[in-house]
Amino acid sequence: MRRARTPALSRPALFRSALAAALAAITIPFLAHAAFGDESVAAPAAQVFPTRQGIGVTWNDVDASGYRVERKQGTAEWQDLSGPLTDSTTTWIDESIAAGATADYRVVATSDTDPATSPEVKATRAAEAPAVGDIDVLALDANRSAGFTWLQNQTEGPVTASAPADGTRTLTAGSLTLKMPAFLAGPGYYEVPIELTQGDRTCVTTGVFRVRALTYTPDLQLETFTTSLGASCPGTASTAVLEIRYKSTFGYSLLSVTPEKLEFGRVLVGSAKSLPLTLTNTGTEQFRFSNMYLRVGTEWKLSNDCGQFLAPGASCTPTLTFESTNSYGYGDFSDQLWIFESNSPRVRTVDLVATSVSLPKAPQAPAVLPTYRGVTIAWPAWKTAGGTSVRGYFIHRYRNGQETTQWIEPDPYGRSMVWYNEISPEAGTEYALSVVNEIGEGPVSPRAVSSRPTQQVALTDGRPSELMAAGLGGYVVPLGLRDSVTPKEALAAAPDGRAVAYVTTNYEKSLWTQRLEPSGIGDPVELWTSPTRAAITHLSWSPDGTRIAFQTPENGMPCVYVIPAAGGAAEKIACDVTSPSWMPDARTLVVVDRRFDGDDRFTRIQAAAGGARLAILPAAMAAADGMPVRVSPDGRLVAFGSDRYIKFVDFTSNKVLSSLPLDTTVRSISWNPDGRTLLALSGNDQMFRLDSDNLGLEPNQLANDYHEGQRFDIAWQRLGPTIAPTPAVVGPQASIAFDGSALQPGTKFICSAGWSAATACTSPYVATNLSTGENTVVVTATEPDGRVTKAYRTVTVDATGPVAQMTGPGYQSSVAATATLTVSATDASGVASYDVRYRRATSAGPYGAYVQPWTNTTATSMNLAVAAGYEYCVSVRAKDKLGNVGQWSPERCFSRPLDDRSLTLASTGWVRATGSTFYFGTTTQTTAYGKSLTRTVQGKRFFLIATRCPTCGSVAVYAGNRYLTTVNLAYPTTHRQVVLGLPVQSTLFSGTLKFVSASSGKLVQIDGLAVGRT
């Protein structure tokens, strides 16, 4: 169902609606008639108006049968004042009220039902009715000096007043028209809706009437009207005043202000400027000033000669003087002059504006950022200074008492920093800055001097000119290379910061090195040219300065090569690996290894032919093809580009850390040689600085200075110490040479290795107490000016000595006078020498002290003379080629027997015999049963030396009174000096060992006894 649209109210209808609402608050508004079909009469709406005869009352017709007007004065009762009035009467005048009296009025509408009474209204009859005069004027004071308004000052007459219509009345004079409520109650203040028209523009607003005189005729026409109206039109900033005189005897005052706004323009700090203000009374009565003052009154001072009164047509000229007292000395200032009229709410305002200007203040000293071959003088850009635009700057140079200047235009790109590059400035030059504005040149800043150039960022931009360099602020300074081969792309810096390696990409693709340090630039040296003109990328200079790794394709497959930095043949390390970066041991590389069946991985490989894989990093990821990879100088982290991020992995966990994003894809990475911060180059040619220990911080973008070509690569050059090449494996004590020639004379060094405390050192540093495995060597250099730099090296340490053993003799007892000892040892670093020792014990006593007859011998076999009646225990230790001494081996023990003459004849029946075939040429024998020999001993192992033959008998053996065994000496053939082992004792036996013949008529021939304690 379509709903009927309510017609929109016209602009006059809206005005009438607003006017009626306002009249309800200040007088008595006309009310709408009661609804159709309502039999009861509606209450009329009454309002009062002053007449010359008394107080008029008017009301709206509510279709009553009649009306009456009632009046009430003070506390008296309501009185029927008019008597019955006809149903067509809507106006009645109370002529009985005394002049100056006040009364309340109401209108009662009568009908066949209950009467209806209007709300009461109050009116006061003037003490004296105003006279009707001949002054007819509408004088509009637009107050244009108070702010924006489209109204214009205008005075028009005579004035035409319309009859009331729809609750409004219109006053017209010339092009001025005012629509206002039809009736006001008399002198007083009224805030009501109005409609003010000037020319073809109209505003609907609320105005405040200050009524001085007002009467209406009995037929509701305006008789005389004297008032001031204040109103602000929507969208304007000022309050206009309209003086209304209709058939009035009262004149008016109207103040004209020229100019409407005082603009002082630019006033130099320290001076003052005065301007006059002309005030003219364009009214018909004198203007009376009640006050005139400045709203703020800080920068302006008022000199007022206007006095208290201004006659019609007269003018006065107050003077305003501007002088800045602002603590900044310059800027835009404003104030307002307020002019008050006596007995009037009107306030005239005059805007005062001025710009206090001065010469620029002295800026701070500029930053002087050194590179190896120049400086960048940089300072924050000034848009304005001293209240005016900045026209430019002067750089002041001071050298040997002389001053020169360089004019610098404002940056045309509106960047926040301004900079100027100087190539090869004279040492000791000081720089200062002054700012020039539209007033002139300001004072000069404090001086700044360039610090000693110790580091820079080398970069290539692919242009056919030269290498570039930037300070760590990012400002690029040309190097002015001579005999430079161009263009250049891949780049690396030597570890001591005094040379660079780069790749040229003309028709030939070649790898070069060139000395580049503060003291000068050397000639380029060509190291290698690709035989297939293939690209050479991913340069990495070894930490010991001796080799450069690079990547180049071969048969469509990426390969890694290493070449001596001093020149020589390039060695292919491996193919199907990419992005080489040196580890701090200067012997191994981290690469993206593509030799897996699955995903690529970061691996550590030998920097030798074949590229043997030594380790796989735990994180299951690797850099994409072409992305930069760089190991931190201390070997803690591997940084690599991954889209807009720099990611980090290490050798101990599968954790992957990430920076916050750069502006676009990462193109190049270069570590600070001290190992914590790094630079990154993005695909938008922007450089960023990151802290690997604070990856939650936004990458710090360096200066975005103008450059003509695309940047390809960067390398952080820093003058610092380098550690010389070290062996593949060192011992627990190692001599480590380092070079500090890139540093100032008088530089102090502190060295540490492994877990050892840092100590003052000179080259070579002797590291001690190194532990097996990788140890980090740190050389910290402190120059006389306090600058600190570091160099790192990891060394593989073998702190374990060889494992040695005695391999001979192979017997436990022998009658031989000499024992042949044999030794061996194993060690990864190789065996250098042996130490051999022995100790010995008698048959009844403890071991004596060790004797070491062989020390640092390279022999593996040696002869030891042994004495009869002793047990010998021999052991060996070995020393490897790194100086590690191993542990003493387990002992190998053997004994040489006592002669039979050392045995005691415990019974008769034994015969002492001699012969050359016997041990020591003697023997003790018997054929009788039960004959005894004894010997006091200490030991666990015992060996009987005896003859075995076909006719030999047996002998029983006792340890003390404990039977041990019976030894059968019978044997098919005869053997002299036979060593016969007896049962081994579980504990050391100390006592008498007894041998008893256990056969009768058979030979028992005893030749000696060997005793062992082990």
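## Loops, strands and cores in a predicted model

Glu508 is placed in the loop that links strand S41 (499-505) to strand S42 (509-517). In this predicted model, Glu508 counts as partly exposed because its relative accessibility is 34%. Once neighbours within four places in sequence are set aside, the contacts of Glu508 are with Thr529, Ser530 and Arg533. Glu508 can also be set against Ala103, from which it is separated by 405 residues in sequence and by 115 Å in space, C-alpha to C-alpha.

Arg533, one of the residues that Glu508 touches, sits in the loop between strand S44 (525-529) and strand S45 (537-541). Its phi is near 60 degrees, a positive value in a residue other than glycine, and Arg533 is partly exposed, with a relative accessible area of 37%. Asn769 likewise has a positive phi, near 55 degrees, without being a glycine; this residue belongs to the loop between strand S68 (765-767) and strand S69 (773-782), and it counts as exposed because its relative accessibility is 71%, where exposed means over 50%. Such values deserve a check, because most residues other than glycine have a negative phi, and most peptide bonds are trans.

The peptide bonds themselves offer two further entries for such a check. A cis bond joins Gly157 and Pro158, with omega at about 0 degrees, and Pro158 is in the loop between strand S10 (154-156) and strand S11 (160-161). Another cis bond joins Thr258 and Pro259, with omega at about -5 degrees, and Pro259 is in the loop between strand S18 (255-258) and strand S19 (261-268).

Confidence along the chain should be kept in mind throughout. The average pLDDT is 91, and 94% of the residues score at least 70. Over residues 1-38, however, pLDDT stays under 50, and the model has 49 contacts beyond four places in sequence for that stretch. Where pLDDT is low, the predicted coordinates should not be read in detail.

Strand pairing comes next. An open sheet of 3 strands, paired in the antiparallel sense, has the order S20-S26-S23. Its edge strands, each of which pairs on one side only, are S20 (273-276) and S23 (300-303), and the twist from one strand to the next averages 20 degrees. Within this sheet, S20 and S26 (residues 319-322) are joined by 4 bridges, and Ser274 stands opposite Thr321 in S26. Elsewhere, S51 takes part in antiparallel pairing with S50 and with S52. S51 and S52 form a hairpin with 6 residues between them, and Gly610 in the turn has a positive phi of about 100 degrees. The table gathers these antiparallel pairs.

| Strand pair | Bridges | Residues that stand opposite each other |
|---|---|---|
| S20 (273-276) and S26 (residues 319-322) | 4 bridges | Ser274 and Thr321 |
| S50 (residues 588-593) and S51 (residues 601-606) | 6 bridges | Asp593 and Arg601 |
| S51 (residues 601-606) and S52 (residues 613-616) | 3 bridges | Thr603 and Ile616 |

The nonpolar interior can be described through its cores. The largest nonpolar core has 35 residues, and those that touch the most other members are Leu171, Leu178, Leu184, Phe209, Phe225 and Ile244. Two or more residues of this core come from each of strands S9 (135-141), S12 (168-173), S13 (176-181), S14 (188-198), S15 (201-216), S16 (222-231) and S17 (240-248), and S15 gives the most, with 5 residues. Phe225 shows how these parts meet: neighbours within four places in sequence aside, its contacts include Leu171, Met180, Leu184, Phe209, Val211 and Ile244, and also Arg245 and Ser248. A second core, separate from this one, has 26 residues, among them Val592, Val631, Leu662 and Leu695.

What, finally, surrounds Ser843, and is this residue buried or exposed? Ser843 is located in the loop between strand S73 (831-842) and strand S74 (851-857), and it counts as buried because its relative accessibility is 4%, where buried means under 20%. Not counting residues up to four places away in sequence, Ser843 touches Gly869, Leu898, Arg935, Val937, Gln938 and Val1011. With Arg935 there is also a polar contact of 3.5 Å between the two side chains.

Definitions and conventions. Residues are numbered from 1 along each chain as its sequence is written. This is a predicted model: local features need pLDDT of at least 70, side-chain atom pairs count only at pLDDT 80 or more; totals for chains, interfaces and linings use all residues. Side-chain values use heavy atoms; hydrogens and water are left out. Two strands pair if DSSP finds at least two bridges between them. Axes are lines fitted to C-alpha atoms, for helices over the stretch in contact, and angles run from 0 to 180 degrees between N-to-C directions. Buried means under 20% relative accessible area, exposed over 50%, partly exposed in between (1.4 Å probe, protein chains only). A polar contact is a pair of N or O atoms within 3.5 Å; within protein, one must be able to donate a hydrogen and the other to accept it, and residues adjacent in sequence count only if both atoms are side-chain atoms. Contact means heavy atoms within 4.5 Å. A nonpolar core is a set of buried Ala, Val, Leu, Ile, Met, Phe, Trp, Tyr and Cys residues joined through side-chain atoms within 4.5 Å. pLDDT is the predictor's confidence in each residue, from 0 to 100.
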